[in-house]
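Reader: Could you take me through one part of this model up close? I'd like to start where the two chains meet and work outward from there, in plain language.

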Amino acid sequence: MSGFSGFLVRRAIGTVVTLLAISVIVYVVFYATPGNVAQITCGPRCSPEQVHQVAQQLRLDDPLYVRYWHFLEGLVAGQDYSTGTSVEHCPAPCLGLSYQSDRQVMDIILTKLPVSLSLVLGAMVLWLVLGVGTGVLSAWRRGRFTERLLTALTLAGWATPVFVIGLVLMIVVCGELQLLPFPQYVKFTDDPEQWAWNLLLPWLSLALIEAAAFARLTRASMLETLAEDHIRTFRAYGVAERSIVGRHALRGALAPVIALNANNVGSAIGGAVLTETLFGLPGIGQELVHAVNVVDLPVVVGMVLVIGFFVVLANAVADVLYAVADRRVVLT
Amino acid sequence: MSGGVDVSGRTDVSGGTDVSLVRVTDLSVEFGDLRAVDGLSFGLARGAALALVGESGSGKSTVASALLGLHRGTGARVGGSIEVAGTDVQQASEDELRRLRGAKAAMVFQDPLSSLDPYYAIGDQIAEVYRVHTRVSRRAARARAVDVLDRVGIPDAVRRSRSRPHEFSGGMRQRALIAMALACEPDLLIADEPTTALDVTVQAQILDLLHTLREETGMGLLLVTHDVGVAAESVDEVLVMRHGRSVEHGPVADVLSAPAQTYTRELLAAVPRVDARRIAAKAGEETAAAVPAVSVVEDAGAASAVSATENAEGVPDGPPEATGHVVLEATGLRREFGRGKRTFAAVDDVSLTIRRGETLGVVGESGSGKTTLGRMLVGLLEPTAGEVRYDGHARVGVHPAVQMVFQDPVSSLNPRRSVGESIADPLRARGEKDEQRIRGRVTELLERVGLEGAHYDRYPHEFSGGQRQRVGIARALAADPRVIVCDEPVSALDVTTQAQVVALLGELQRELGLVLVFVAHDLAVVRQVSDRVAVMRRGRIVESGPADEVYDNPQDPYTKQLLAAVPSLDPQVAARRRAARRELAAA
């Protein structure tokens with residue numbers, strides 16, 4: 001297993017380097033952003049003295065590299081923050097305090113992340129089952145009515161914005177038919193059953209759109225594999241078309257599906273803002289949009305790092321899956 | 001069947017309905033407007049072996065696929081009647097066809113790498129096919145897979161059955177495919193170019209294996225091949241095809257020794273013979289011999305005695321060994337690929353000299369390092385150690401006087417540029433800017449290689465394989481080279497085209513006084529073009545010398561093995577060689 005542990009070590013180092021690079025970029029971008037951060041943070045009715053105090057408290061007048069160094073210190077060693085009256089200790093890895101709420105960024109992430117993970121991982125299962133299933137079916141039934149129908153449906157699914165599907169689902173399922181209550185986030189640890197019921201509609205609306213992309217990719221990739229020589233071999237040996245499509249062609253067609261899935265899962269963790277907003281799910285995406293609007297630098301950096309971490313992680317998992325699916329792939 | 005025409009005549013004498021294994025009557029296959037097979041009829045008795053021989057596009061592979069009904073659902077129109085092992089392929093239902101495929105008639109394909117599923121273990125793939133036709137447990141099917149793998153000579157079959165195709169060598173993969181074919185003990189084996197992708201020694205092993213299996217199981221064989229030698233080695237009867245029609249059909253010895261049709265005679269005449277001396281070149285070289293003779297006086301007067309004695313012995317076209325001016329010289333060439341532990345030397349300590357007006361043949365099997373050597377000679381690859389000297393000067397990088405002709409005339413020309421533009425590249429690279437002069441020179445080159453000046457503005461896809469290779473040669477000539485390294489210049493071409501391209505190279509060499517390095521895997525072709533030959537194996541030259549000496553009296557055991565593996569056009573010689581190979585293997 002030395003090859004595999006070597007792969008893990010190299011990936012871990014790569015991840016750290018990537019995340020550091022991301023944090024530098026975010027710092028530079030926000031440093032260059034025009035606007036008085038202290039004024040925004042303090043509020044419109046603050047006096048110039050108060051604004052000045054806030055700026056000092058937030059070390060806004062320090063040069064960029066000092067502030068970044070401070071951030072790195074916090075990550076490695078933790079940090080003590082004075083909040084005017086008391087001193088708060090933020091243990092390592094400390095991402096700092098929110099300018100707005102004085103809450104520790106790590107706390108904010110830890111409350112928002114489970115919501116985003118619940119939404120995305122559940123939706124992923126749905127979009128894989130629906131998308132790959134549809135793709136396989138249309139490759140098997142190529143040239144027939146089934147395929148044309150499925151192609152039309154997936155194209156329609158792809159072209160529909162998530163808020164349209166989500167709204168329609170809510171109006172029909174919760175409003176007209178009253179099959180489900182309007183979704184409200186319930187923690188998995190509090191009540192797993194309620195968690196699932198409440199997330200069903202968000203899952204569906206996110207998954208339906210993604211599934212369309214997966215269906216099209218799977219179909220195209222399967223048709224390509226079906227044209228390969230080894231498929232001809234199994235046809236020439238009397239293997240039924242069902243096994244040829246389901247066993248040989250699907251396996252060969254999986255690589256691009258794995259790649260697309262890694263990308264989509266990674267980006268949906270922070271990017272499912274529309275779905276989160278529509279269904280009132282307090283996830284990473286919503287929080288990030290809010291933090292950007294109020295120039296809450298520590299929160300933005302923290303969120304971006306979390307999203308970056310999941311994108312890198314999803315791709316590493318994809319690489320392992322490639323190697324599992326195709327023994328010719330060597331992990332390096 | 002009683003009223004049917006007995007097309008298999010000679011073999012179907014007993015009159016029983018069970019004797020005929022394949023009966024094809026008036027078969028035609030059309031793809032759109034293209035009639036790939038046109039009114040073909042033949043029969044095959046149980047246990048007999050028939051070869052369909054023809055050049056590319058003759059429709060031979062289409063016939064093979066039609067026997068298993070593989071054209072169904074592809075849009076091809078199949079006419080006539082096909083009966084294989086008692087199944088009427090044209091009328092059979094999908095289920096009946098599936099019961100025929102693999103169980104009664106099994107097929108082996110050309111490229112054993114792409115013909116196996118890369119994702120599954122070889123044993124599992126064979127077991128899967130076996131389970132389609134027999135209702136046995138997974139475990140029993142797996143055991144059967146190991147059985148047949150063992151039977152086709154895969155060592156340590158239990159362990160190797162768990163390997164995936166990429167972990168097998170080319171020859172082992174073809175053995176595995178044959179094992180798959182054997183799994184259900186079919187009555188008929190259809191082999192579509194089964195050895196075309198393999199080295200000559202491996203080819204001999206596979207053909208011997210097919211021969212042995214046929215002796216043991218009594219199955220019939222339909223062999224599809226472009227290689228007349230392979231057919232001569234393996235079958236009783238041969239059917240020569242051209243443009244989808246049968247040209248000649250008869251016992252293999254008759255057709256090959258006394259062909260009745262003009263086309264068959266042309267085809268056979270174009271096949272390069274490994275045991276024949278350079279007849280074609282001799283006629284032309286009588287005049288050319290004078291050219292190096294002059295340089296003998298100039299450069300190495302003392303050595304002229306050598307060629308004088310050769311002449312006295314009645315070898316007028318003796319190679320200019322140790323006489324002419326040394327044009328290209330390589331010393332201690334080594335090239336490594338990979339890093340760290342995975343480093344391996346593709347070429348290892350190779351030294352050679354090539355003299356004016358000479359053709360050096362470099363022959364070897366795949367992986368022997370011959371292409372790497374060729375690329376280093378041209379300067380496309382930098383050697384890890386050693387040096388290449390051109391005209392006595394050490395050379396780094398490419399030199400206009402040393403050009404290359406590549407193997408695949410399809411991929412070595414840019415499909416989006418006209419052939420004229422491709423040929424003009426070396427001229428522009430040299431700094432020529434006058435469009436009029438460029439066009440004039442390219443037109444001249446096109447005509448020189450047997451194409452037309454008007455072809456300047458055409459694109460590669462409009463040309464046949466042979467014509468494309470002519471374009472490749474014209475491009476190499478554009479820089480006025482003194483040396484041309486040809487890397488497998490004819491291996492992608494049909495034999496008749498091959499002969500034409502080889503003749504063109506010989507002509508150019510004589511007229512322009514070129515030095516040729518001819519890198520190829522085909523021993524017969526190399527003999528037909530070379531003055532001297534170097535045999536490569538695992539990056540080293542194991543034997544080199546005048547072509548006739550190396551071929552008629554090989555010293556190195558590997559050279560002997562290579563030569564013994566070349567298929568012979570004479571079925572009797574082939575049988576003797578097979579016996580000899582068996583003895584060698586037994587010893």
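**Where chain A meets chain B**

Author: Sure, let's start right at the contact. On one side there are 16 residues of chain A, and they are in contact with 24 residues of chain B. Bear in mind as we go that this is a predicted model. On the chain A side, two elements give two or more residues each: α9(A), residues 229-236, and α10(A), residues 241-271. The largest share comes from α9(A), with five residues. As for chemistry, the chain A side that touches chain B splits into seven charged, five polar and four nonpolar residues.

Let's stay with α10(A), since this helix also packs inside its own chain. Its partner there is α12(A), residues 284-293, with the two axes 6 Å apart and at an angle of about 55 degrees. Given that angle, α10(A) counts as oblique to α12(A). If you want to pull up the residues, α10(A) contributes A:Ile269, A:Gly270 and A:Gly271, while α12(A) brings A:Ile284, A:Gly285 and A:Leu288. By class, this helix-helix contact has three nonpolar and three polar residues, and no charged ones.

Now zoom out to the rest of chain A. The chain has 13 helices and two strands. Its C-alpha atoms fill a box of roughly 85 × 60 × 40 Å along the principal axes. Of its 332 residues, 36% are buried. If you look at contacts in chain A between residues at least 6 apart in sequence, 66% of them join residues at least 24 apart. There is also a record to lay over this: an unreviewed UniProt entry annotates residues 113-322 of chain A as "domain: ABC transmembrane type-1". In the model, that span is 83% helix and 0% strand, and its end C-alpha atoms lie 27 Å apart.

Across the contact, chain B gives us sheets to look at. One is an open sheet of six strands with mixed pairing, running in the order β6-β7-β8-β3-β9-β10. At its edges sit β6(B), residues 105-108, and β10(B), residues 245-251, each pairing on one side only. From one strand to the next, the twist averages 15 degrees. Within that order, β3(B), residues 49-53, and β9(B), residues 237-242, pair in the parallel sense over four bridges. For a specific pair to click on, B:Leu52 has B:Leu239 in β9(B) as its bridge partner.

Chain B has antiparallel pairing to show you as well. There, β1(B), residues 20-31, is joined to β4(B), residues 77-84, by seven bridges, and the two strands run antiparallel. One of the residue pairs to find is B:Ser28 with its bridge partner in β4(B), B:Gly79. β4(B) also pairs with β5(B), residues 87-88, in the antiparallel sense over two bridges. In that pairing, B:Glu83 stands opposite B:Asp88 in β5(B). The hairpin of β4(B) and β5(B) has two residues between the strands, and B:Ala85 takes a positive phi near 50 degrees there. That's a handy backbone angle to look up if you're scanning torsions around this turn of the chain.

Conventions: Residues are numbered from 1 along each chain as its sequence is written. Chains are lettered from A and ligands numbered from 1 in the order in which they are written. This is a predicted model: local features need pLDDT of at least 70, side-chain atom pairs count only at pLDDT 80 or more; totals for chains, interfaces and linings use all residues. Two residues are in contact if their C-beta atoms, placed from the backbone, lie within 7 Å. Ala, Val, Leu, Ile, Met, Phe, Trp, Tyr, Cys and Pro count as nonpolar, Asp, Glu, Lys and Arg as charged, and the others, Gly among them, as polar. A residue is buried if 20 or more other C-beta atoms lie within 10 Å of its own, exposed if 12 or fewer, and partly exposed in between; C-beta atoms are placed from the backbone. Two strands pair if DSSP finds at least two bridges between them. Axes are lines fitted to C-alpha atoms, for helices over the stretch in contact, and angles run from 0 to 180 degrees between N-to-C directions. UniProt positions are given in the numbering used here, feature names are shortened, and annotations may be inferred rather than shown by experiment. Angles under 35 degrees count as roughly parallel, over 145 as roughly antiparallel, 65 to 115 as roughly perpendicular and the rest as oblique.
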